[in-house]
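Biologist: Please take a close look at one part of this model, and then place that part in the wider chain. I should like every term to be given with its cut-offs, in a single connected account.

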Amino acid sequence: MMVDHMRGKNKGLDIRSQETVFDGYFRIDRYCLRHEKHDGGWTAEFSREVFERGHAVAVLPYDPHRDEVVLIEQFRIGAHAAGLDAWLIEVVAGIIEPDEAAETVARRETKEECGCILQRLERIGHYLVSPGGASETCQAFCGQVDASQAAGIHGVAAEQEDIRALRCDFATAMAMIADGRIANAAAMITLQWLALNRQRLRHIWQ
């Protein structure tokens, strides 16, 4: 299918005002705006709240020798609010601080959250987490590790983190997606990427 028209960045966007309506652990901004419609007209002016929490990195630690991935399990209030199990099986992730490189975050968080040292790092992609109401983006990576290092409980106590490291073979991880035990975007995206690139990584990383 051919795409015959793609709008340029912010073309046809008219921001009338922007204000911060909440500033706590996270921030919420309210925008009043209108934008150009596909038929060439303009919408009426309307408002939207945007959840601001910064930008994140996600890392899938993978051991090509053992064909194992390292996952983590931790409490998530958002999962509870959605009516799901509040303890999620995830991949390593962390927020990018100002002037910090995504790769630096990947290495730091992998050590903090599962006890592993990244040996190699391959970029997967950069995506919007929930663009309907949040500005957050995520830079996703797959990193080579020695999975035998992954064990125990991790996290930063001052941030109330209580993170359990989990080792599992690749086939088990994919089965966890299929049966719903893995139910978060970062883990699903990175594991599906690994499914497409696993043989290549096992070749170049060994």
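Modeller: Helices are DSSP runs of H or I with at least four residues, strands are DSSP runs of E with at least two, and both are numbered from the N terminus. The model is a predicted one, in which local features need pLDDT of at least 70 and side-chain atom pairs count only at pLDDT 80 or more, whereas totals for chains, interfaces and linings use all residues. Residues are numbered from 1 along each chain as its sequence is written, and side-chain values use heavy atoms, with hydrogens and water left out.

The part I have chosen is helix 2, together with the segments on either side. E103 belongs to helix 2, and its relative accessible area of 38% makes E103 partly exposed. On this scale, buried means under 20% relative accessible area, exposed means over 50%, and partly exposed lies in between, with a 1.4 Å probe and protein chains only. A contact, in turn, requires heavy atoms within 4.5 Å. Once residues up to four places away in sequence are set aside, E103 touches L121 and F141. The C-alpha atoms of E103 and E122 are separated by 9.6 Å, and these two residues are 19 apart along the chain.

The segment that leads into the helix contains D99, in the loop between strand 7 (92–95) and helix 2 (102–114). D99 is exposed, at 86% relative accessible area. Its backbone deserves attention: D99 is not a glycine, yet its phi is positive, at about 65 degrees. Most residues other than glycine have a negative phi. D67 is another such case, with a positive phi of about 55 degrees although it is not a glycine. D67 sits in the loop between strand 4 (56–63) and strand 5 (68–75), and it is buried, at 13% relative accessible area.

On the other side of the helix comes G115, in the loop between helix 2 and strand 8 (120–128). G115 counts as buried, at 14% relative accessibility. Apart from its neighbours within four places in sequence, G115 is in contact with T110, Q149 and H154. Between G115 and R27, the C-alpha to C-alpha distance is 31 Å, and the sequence separation is 88 residues.

The contact with H154 leads to strand 10 (residues 153–154), where H154 is found. H154 is buried, with a relative accessible area of 18%. Not counting residues up to four places away in sequence, H154 touches E112, E113, C114 and G115, and also E161, D162, I163 and A165. H154 and D179 are 25 residues apart along the chain, and their C-alpha atoms are separated by 26 Å.

C114, one of the residues touched by H154, also enters the account of the cysteines. A disulfide is a pair of cysteine sulfur atoms within 2.5 Å, and the structure holds zero disulfides. For C116, the closest cysteine sulfur is that of C114, and at 3.8 Å it is too far for a bond. C116 is buried, with a relative accessible area of 0%. C142 is likewise in no disulfide, the nearest cysteine sulfur being that of C114, 12 Å away. C142 is also buried, at 0% relative accessible area.

A helix pair elsewhere in the chain completes the picture. Helix 3 (residues 170–178) packs with helix 4 (residues 185–204) at an angle of about 135 degrees, and their axes are 10 Å apart. Axes are lines fitted to C-alpha atoms, for helices over the stretch in contact, and angles run from 0 to 180 degrees between N-to-C directions. That angle makes helix 3 oblique to helix 4; angles under 35 degrees count as roughly parallel, over 145 as roughly antiparallel, 65 to 115 as roughly perpendicular, and the rest as oblique. Helix 3 contributes F170, A173, M174 and I177 to the contact, and helix 4 contributes M188, L191, Q192, L194, A195 and R198.

For the chain as a whole, there are four helices and 11 strands. Of its 206 residues, 39% are buried. The C-alpha trace spans about 60 × 45 × 35 Å along its principal axes. Among contacts between residues at least 6 apart in sequence, 54% join residues at least 24 apart.
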